Amino acid sequence: MSKLACPSFSVAPISAADAATTMVLAGIISPAQIQADQHDYNPANLATASTLRLSSDTTRNITGIVGGANGRMLILHNIGGFSIVLTNQDALSAFQNRFRFSANLTLASFQSLMIQYDATSQWWRAVGSPA
């Protein structure tokens with residue numbers, strides 16, 4: 001059986017017994033520590049990533065992420081000791097790279113969030129709340 005792939009994740013072959021309960025996301029990246037607010041955030045290998053392991057040197061903002069495609073999902077993990085704030089509808093990023101939340105979302109230390117790109121409105125949207 002071959003490995004299926006797409007820009008945001010790949011699914012590895014598994015046994016029939018595990019098929020109903022297993023989902024594997026490939027493309028986990030750990031970009032360099034964020035040391036300034038990020039506008040149109042585009043770390044190396046983002047195009048093939050499904051998961052970003054983020055850290056910062058102090059509380060930092062991300063105003064948008066490049067690479068949105070209809071339905072693309074990203075998991076953001078804050079693996080550092082400082083909060084990372086995803087700013088809502090921030091004009092410091094290009095329109096198509098911005099987040100559309102009800103307010104800014106803060107990823108505290110060791111919290112995670114899944115976001116999905118909505119190509120119709122051209123926004124990244126939260127799937128759930130940071131946890």
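Start by selecting Ile115 in β9 and Ala126 in β10: the two are bridge partners. Before moving on, note that this is a predicted model, in which local features need pLDDT of at least 70, side-chain atom pairs count only at pLDDT 80 or more, and totals for chains, interfaces and linings use all residues. Residues are numbered from 1 along each chain as its sequence is written, and side-chain values use heavy atoms, leaving out hydrogens and water.

**The two strands around your first pick**

Now show β9 and β10 as a cartoon. They pair in the antiparallel sense over 5 bridges; two strands pair if DSSP finds at least two bridges between them. Strands here are DSSP runs (E, at least two residues), numbered from the N terminus. Move to the hairpin of these strands, with 4 residues between them, and select Gln122, which has a positive phi near 60 degrees.

**The other side of β9**

Next, colour residues 73-78, which are strand β6; 5 bridges join it to β9 (residues 112-118), and the two run antiparallel. Pick Met73 and you will find its bridge partner, Gln116, in β9. Then pick His77, whose bridge partner in β9 is Ser112.

Turn on the side chains of β9. Which of them point to the buried face? Leu113, Ile115 and Tyr117 do, while Ser112, Met114, Gln116 and Asp118 point to the other face and are not buried. Buried means under 20% relative accessible area, with a 1.4 Å probe and protein chains only.

**The whole sheet**

Zoom out to see an open sheet of 5 strands in the order β3-β4-β6-β9-β10, with mixed pairing. At the edges stand β3 (28-29) and β10 (123-127); each has a single partner strand, so one side of each is left without a neighbour in the sheet.

**Rings to visit**

How many aromatic pairs does the structure hold? There are 3. Rings of Phe, Tyr and Trp (its six-membered ring) pair if their centres lie within 6.5 Å; planes under 30 degrees apart count as stacked, over 60 as edge-to-face and the rest as tilted. Select Phe99 and Phe101 for a stacked pair, 5.3 Å centre to centre with 15 degrees between the planes. Both Phe99 and Phe101 are buried. For an edge-to-face pair, go to Tyr117 and Trp124, at 5.1 Å centre to centre and 70 degrees between the planes. Tyr117 and Trp124 are buried too.

Technical notes: Buried means under 20% relative accessible area, exposed over 50%, partly exposed in between (1.4 Å probe, protein chains only).
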